[in-house]
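Visitor: Could you walk me through a structure I have just opened? I'd like to ask about it piece by piece.

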Amino acid sequence: MRQLITRRLGRTGRQVTTMGLGGQASIQWPAEGVDPIAIIEKAYQLGINYIDTSNIYGPSQKNFGEAFRRLRLSPSVEDYNHTAREQLFISSKTHIRSARRPDGERFRSDFSEGMLDNFGVSTSIDDVRRSLSLLFGDGQGGYPEGAYLDCIQFHNINTKDEVDMLFEGFDEPSPDRPWIGSLVAMLDLREGTNRTGCNPKKEKLIKHIGISGHWNTAAHIYAIQRDNHRILDTLLVTINPSDCKYMGHRHNAIAVAKAADMGVIGMKVFADASYYHKEVRFSNNPEDVYHDVGSEEIPSRDLIRYALSIEGISTLIVGIGHIDDKAGKCQLEQNLSAAQLAEILEAGEMNRIEKMVTSAGKDSANAYFQRKATGLTAPRNVGIEEDSAMPGLNRCAVRVSWQTSYAGAEPIERYEVLCHGDVIGRVPHVPQITQQAFHYDDILNEDQKKGTRQYKVRAVDAAGNQAESQAFEIDLL
């Protein structure tokens, strides 16, 4: 068997294959005659070691569970291959933002309504246990000793409010808090502690914690910036050649995640098949699953190689429709072959693929899962204040501070600080991984110490595009 190319999954330190197996497509919606278990088994036999699924992917986790038992990857079987299990990186997701809440109350982005089932799921902790039961246990709520997830991700983060809910109680966890966000409870499951009261048996059920999202790159950045303790190890995010047509992730959330040394997993490489045979919406039935290998107009190979050439991407999750069609083509094998990219594509080749998608009339393919384009935005939360006088020094300064701009189709290069319309300073842009602001100190001479001074901050990207903040004035006495 050919040795597959791997990449480091950020600070997890794990080496993962450049293509992982997505838990949707025929694993969630198998057409008649398609065996989802066979797809999973073949992916494992080919050497794929990154597995993705979710608690809202219908039978996906159950199908993985059956395959894992057949492959001796579950601690529930007598001849469990512990060493082989450790070579896999298995990720699931929860859409629930809280681990405890007052009776009858529901955070508006918990997505738990309609999810109560025979597992009694109402919290994110319940969701982890449901995953373990379906993937490794009896499928009825029980799971064997030694079962664990390599990663649990908070599914489809869309707003900053959702991020705030995740962090609720993080700094002061207590069993007495009526509200506990999911993040600190997952930390209990990772560390085997019970600071929240949500893990009374002090089980260690997960190894890593991450976030996922499609729509709002600003919310993903906010989550990374709030994560002062670097608990969030992975980001699962959409990436394809249409990214730059929307409020893109490439130069925003992906760049920030890379700077924070998070493992970045790309998804929606084929725009959920909207580059091919279906209208622009999320898939929800077997007819939506694509069973060809790309198309003549848009080869799937180009799309995979494009996504893997985005700086910061560790692996891609790709949904599989079939492993053997009537023409003898294996979609899994061909997509995996495309992912064996030893060197990333050059800029000219990336541009060619972007133009190919545009020429095919597919620029709207991301419209249902990605925020509308805003172009380069102005620096945010600009503030100005007079610096305190320093004893013994005849000096005065005005500190101008700001939060990151969001990039458009090009990366941000720098910020320019203007006073009365003139550029007085330049600050290089770096991905802002904390909430600590950018700043520039305007040091004044004797003649400048009194009167009114007006400041703006301007963002400039690699193409020369500019976006200015409003003007702010300060009166110096």
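Guide: Let me begin with a term we will need: a residue is called exposed when its relative accessible area is over 50%, buried when it is under 20%, and partly exposed in between. Please also keep in mind that this is a predicted model.

Visitor: Fine, so is Asn 381 buried or exposed?

Guide: Asn 381 has a relative accessible area of 60%, and because the cut-off for that class is over 50%, it counts as exposed. The residue lies in strand S13, which covers residues 380-386, and it has a positive phi of about 50° although it is not a glycine.

Visitor: Where is His 420, then?

Guide: His 420 lies in the loop between strand S15 (412-419) and strand S16 (422-428). Its phi is also positive, at about 50°, and His 420 is not a glycine either, while its relative accessible area of 46% makes it partly exposed.

Visitor: Switching to cysteines, how many disulfides are there?

Guide: With a disulfide taken as a pair of cysteine sulfur atoms within 2.5 Å, the count comes to zero.

Visitor: Why is Cys 151 not in one?

Guide: The closest cysteine sulfur to that of Cys 151 belongs to Cys 198, and because the two are 19 Å apart, they are too far from each other for a bond. Cys 419 is in no disulfide either, since the nearest cysteine sulfur, in Cys 396, is 12 Å away. As for accessibility, Cys 151 is buried at 0% relative accessible area, and Cys 419 is buried at 5%.

Visitor: Now the helices: how do H9 and H10 cross?

Guide: The axes of H9 (residues 300-308) and H10 (residues 331-338) come within 8 Å and cross at roughly 45°, which makes H9 oblique to H10. The crossing is right-handed.

Visitor: Which residues meet there?

Guide: From H9, Ser 300, Arg 301, Ile 304 and Arg 305 meet Asn 335, Ser 337 and Ala 338 of H10. By character, the residues of this contact divide into two nonpolar, three polar and two charged.

Visitor: One last spot: what is Leu 205 in contact with?

Guide: Leaving aside neighbours within four places in sequence, Leu 205 is in contact with Val 128, Arg 129, Leu 132, Tyr 143, Ala 147, Tyr 148, Leu 149 and Leu 189. Leu 205 itself lies in the loop between helix H6 (182-191) and strand S9 (206-213), and at 4% relative accessibility it counts as buried.

Technical notes. Residues are numbered from 1 along each chain as its sequence is written. This is a predicted model: local features need pLDDT of at least 70, side-chain atom pairs count only at pLDDT 80 or more; totals for chains, interfaces and linings use all residues. Side-chain values use heavy atoms; hydrogens and water are left out. Buried means under 20% relative accessible area, exposed over 50%, partly exposed in between (1.4 Å probe, protein chains only). Axes are lines fitted to C-alpha atoms, for helices over the stretch in contact, and angles run from 0 to 180 degrees between N-to-C directions. Helices (H or I, at least four residues) and strands (E, at least two) are DSSP runs, numbered from the N terminus. Angles under 35 degrees count as roughly parallel, over 145 as roughly antiparallel, 65 to 115 as roughly perpendicular and the rest as oblique. A crossing is left-handed if the near helix is turned anticlockwise from the far one by less than a right angle, and right-handed if clockwise. Contact means heavy atoms within 4.5 Å. Ala, Val, Leu, Ile, Met, Phe, Trp, Tyr, Cys and Pro count as nonpolar, Asp, Glu, Lys and Arg as charged, and the others, Gly among them, as polar.
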